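This report looks at pockets and at one helix pair in a single protein chain. The sequence and the structure come next.

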Amino acid sequence: MPYTTSADGTQIYYKDWGTGQPVVLSHGWPLNSDSWEAQMLFLAENGFRVIAHDRRGHGRSTQTWSGNEMDTYADDLATLIDSLDLNGVSLVGFSTGGGEVARYIGRHGTARVAKAVLVSSVPPFMLKTADNPGGVDVEVFDGLRAGSLTDRSQLYKDLAAGPFFGNNREGQSASQGMQDAFWRQGMQAGHRNAYESIAAFSATDFRADLATFDVPTLVIHGDDDQVVPFEVGGKASAALIAGAQLKVYPGAPHGITDTHKDQLNADLLDFLKS
């Protein structure tokens, strides 16, 4: 299996499919690169080189004790891009991965980047604070932390059966296989890694990072996202990125990489080819 090695010796696993202009995909919490398989297959079959990695502590990458925060996630992404000598790359981030993409651009610039896509992403800033009054109450994230410590296996089952895929909404019916894949990927993550990542995705302020975006950017978000609410995530990010294009999926939940994969695949292809 292919790996690249970060500055602190962490082994970062990645998949590398197809040939053509490179697209790098950053996954959500508590998942890994397997969550991108529908997009990887589709884009690789349509003339792109598609690369997706397992974030440190997730999937097949090293379960590090430290570095479970956005600066290090972004630096690991930089290591992957640099080690593969990718240029003209399109960065696509889902949920927590959108934060990783934003922080990468904020820390490392866009010399190697052609385009960016944020899908159901956590930027600009999820946590409700005095200067972010529209954010999500800290009690929500404290609940995730408590669930992680009490019984994280059940927490992942509950998320998959409910808000992640919108199964708690009338008319939504994510398959049992889809839910099981979420649980399996979550349980592959290190306990400490997944726990600390909750703070990384909820309490990191990406507003300054988004201000540095100077490449064409597409923001995609469902307006019934119960994990990263549309008003907090996609709508706010699009307003902060100069020239960003916003696509809203009516009634769509958080996990649109699965529930709306055909629509998402088509929108990604159109944007990448534009």
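How many nonpolar, polar and charged residues does the lining of the largest pocket have? In this predicted model, that lining has 16 nonpolar and four polar residues, with no charged residues. The space in the largest pocket amounts to about 290 Å³, and of the 20 residues that line this pocket, Leu-144, Leu-159, Phe-201, Gln-226 and Val-227 are the closest to its centre. Helix α4, which covers residues 138–161, gives the largest share of the lining, namely four residues.

The second largest pocket holds about 250 Å³ of space, and among its 14 lining residues the closest to the centre are Asp-34, Ser-35, Ala-181, Gln-185 and Asp-258. Two or more lining residues come from each of α1 (37–45) and α5 (176–188), and the largest share, five residues, is that of α5.

The table sets out the lining of each pocket by class.

| Pocket | Nonpolar | Polar | Charged |
|---|---|---|---|
| Largest pocket | 16 residues | four residues | no residues |
| Second largest pocket | seven residues | two residues | five residues |

Helix α4 also packs with helix α6 (residues 191–203), at an angle of about 145° and with the two axes 10 Å apart, and the crossing of α4 past α6 is right-handed. On the α4 side, the contact includes Phe-141, Leu-144, Arg-145 and Tyr-156, while the residues met in α6 include His-191, Tyr-195, Ile-198 and Phe-201. By class, this contact of α4 with α6 comprises nine nonpolar, three polar and two charged residues. Leu-144 and Phe-201 thus appear in the helix contact and also among the residues closest to the centre of the largest pocket.

Definitions and conventions:
Residues numbered from 1 in each chain as written. Predicted model: local features only at pLDDT ≥ 70, side-chain atom pairs only at ≥ 80, totals over all residues. Heavy atoms only, no water. 1 Å grid on protein atoms, 1.4 Å probe; cavity = no way out; pocket = protein on both sides within 12 Å on 5 of 7 lines; lining within 4 Å. Points joined across faces, edges and corners; volume = space filled by probe spheres on them. Nonpolar A, V, L, I, M, F, W, Y, C, P; charged D, E, K, R; others polar. Axes fitted to C-alpha atoms, helices over the stretch in contact; angles between N-to-C directions. Left-handed = near helix turned anticlockwise from the far one by under 90°. Contact = heavy atoms within 4.5 Å.
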